[in-house]
Amino acid sequence: LDGIWAPPLAFHTYPILPVPLRLKFAAPEQLRWRWVRTASLEDDVEASGHIVSTEQRYTPTEADIGHYLTVEACPLWEGEVCGPVALLRMTQPVAPQPHRP
């Protein structure tokens, strides 16, 4: 797994589906996903992050507004991590749902 791509902006109630890049020797369903919310970009994901999902697709909630999301994926083999962890940290905080006229 060489990386993850996702849209650069996240909106409350709009699902995000990250895409694994250059996946080798594994299928997408063999990846372990983890979404983590932090209060700022400077926060350490492991030390102060809050896991909000372990699914590939995540829909930001009202609690995510103003916070930063990080998505991680790593390949699994027989339930064990067997490759490097790919990490994507969104550099913009989750925004409220856009208003529609």
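## Close-up views of a predicted model

Let us start with a residue that returns in several views: Arg 37 is buried, with a relative accessible area of 16%. The model shown here is predicted. Its chain averages a pLDDT of 88, and 100% of the residues score at least 70. Among the elements, strand S4 has the highest mean pLDDT, 96, while S6 has the lowest, 80.

**View A. Arg 37 meets Asp 64 in a salt bridge.** The closest N and O atoms of Asp 64 and Arg 37 are 2.7 Å apart. This pair links distant parts of the chain, with Arg 37 in strand S3 and Asp 64 in the loop between strand S4 (50–53) and S5, 27 residues apart. Is Asp 64 buried or exposed? Asp 64 counts as buried because its relative accessible area is 0%, and buried means under 20%. Arg 37, at 16%, falls under the same heading. The backbone around Arg 37 is worth a look too: its bridge partner in S4 is His 50.

**View B. Arg 34, Glu 46 and Glu 72 are linked in a network of salt bridges.** Please follow the two contacts of Arg 34 one at a time. With Glu 46, the side chain of Arg 34 meets in a salt bridge of 2.5 Å, N to O. Glu 46 lies in helix H1 (residues 45–48) and Arg 34 in strand S3, so this pair ties together parts that are twelve residues apart in sequence. With Glu 72, Arg 34 forms a salt bridge whose closest N and O atoms are 3.0 Å apart. Here Arg 34 in strand S3 is joined to Glu 72 in strand S5, so the parts tied together are 38 residues apart in sequence. Which members of the network are buried? Both Arg 34 and Glu 72 are, with Arg 34 at 17% relative accessibility. Glu 46, in contrast, counts as exposed because its relative accessibility is 58%, and the cut-off for exposed is over 50%. The count of salt bridges comes to three. As general background, side chains of opposite charge can pair when their charged atoms come close.

**View C. Strand S3 runs antiparallel to both S5 and S4.** Eight bridges join S3 (residues 31–38) to S5, and three join S3 to S4. Two pairings help you find your place along S3 and S5. Leu 31 stands opposite Pro 75, and Arg 34 has Glu 72 as its bridge partner. Arg 34 and Glu 72 are thus a pair to look at twice, since they also form a salt bridge. Why is S3 described as largely enclosed by the rest of the structure? Seven of its eight residues are buried, so the description follows from that count.

**View D. Strand S5 is mostly covered and pairs with S7 as well as S6.** Eight of the ten residues of S5 (residues 68–77) are buried. With strand S7 (residues 86–89), S5 pairs in the antiparallel sense over four bridges, and Ala 73 stands opposite Ala 86 in S7. Strand S6 (residues 80–81) also runs antiparallel to S5, joined by two bridges. The bridge partner of Leu 76 in S6 is Val 81. How many residues lie between S5 and S6 in their hairpin? Two do, and Glu 78 in the turn has a positive phi of about 55°.

**View E. Phe 11 and Tyr 14 form a tilted aromatic pair.** A search of the whole structure finds two aromatic pairs. In the pair shown here, the ring centres of Phe 11 and Tyr 14 are 5.9 Å apart and their planes stand at 55°, so the pair is tilted. Phe 11 is partly exposed at 26% relative accessibility, and Tyr 14 is partly exposed at 28%.

**View F. Trp 5, Val 19 and Leu 21 make a nonpolar surface patch.** The area of this patch is about 260 Å². Val 19 sits in strand S2 (residues 19–21). With a relative accessible area of 38%, Val 19 is partly exposed.

How values were computed: Residues numbered from 1 in each chain as written. Heavy atoms only, no water. Buried < 20%, exposed > 50% of the residue type's maximum accessible area, 1.4 Å probe, protein only. Pairing = 2+ DSSP bridges. Patch = residues over 30% accessible without salt bridge, like charges linked within 9 Å, V, L, I, M, F, W, Y side chains within 5 Å. Areas by Shrake-Rupley, 256 points an atom, 1.4 Å probe, with all protein chains shown as cover. Salt bridge = Lys/Arg side-chain N within 4 Å of Asp/Glu carboxyl O. Phe/Tyr/Trp six-rings, centres within 6.5 Å; stacked < 30°, edge-to-face > 60°. pLDDT = per-residue confidence, 0-100.
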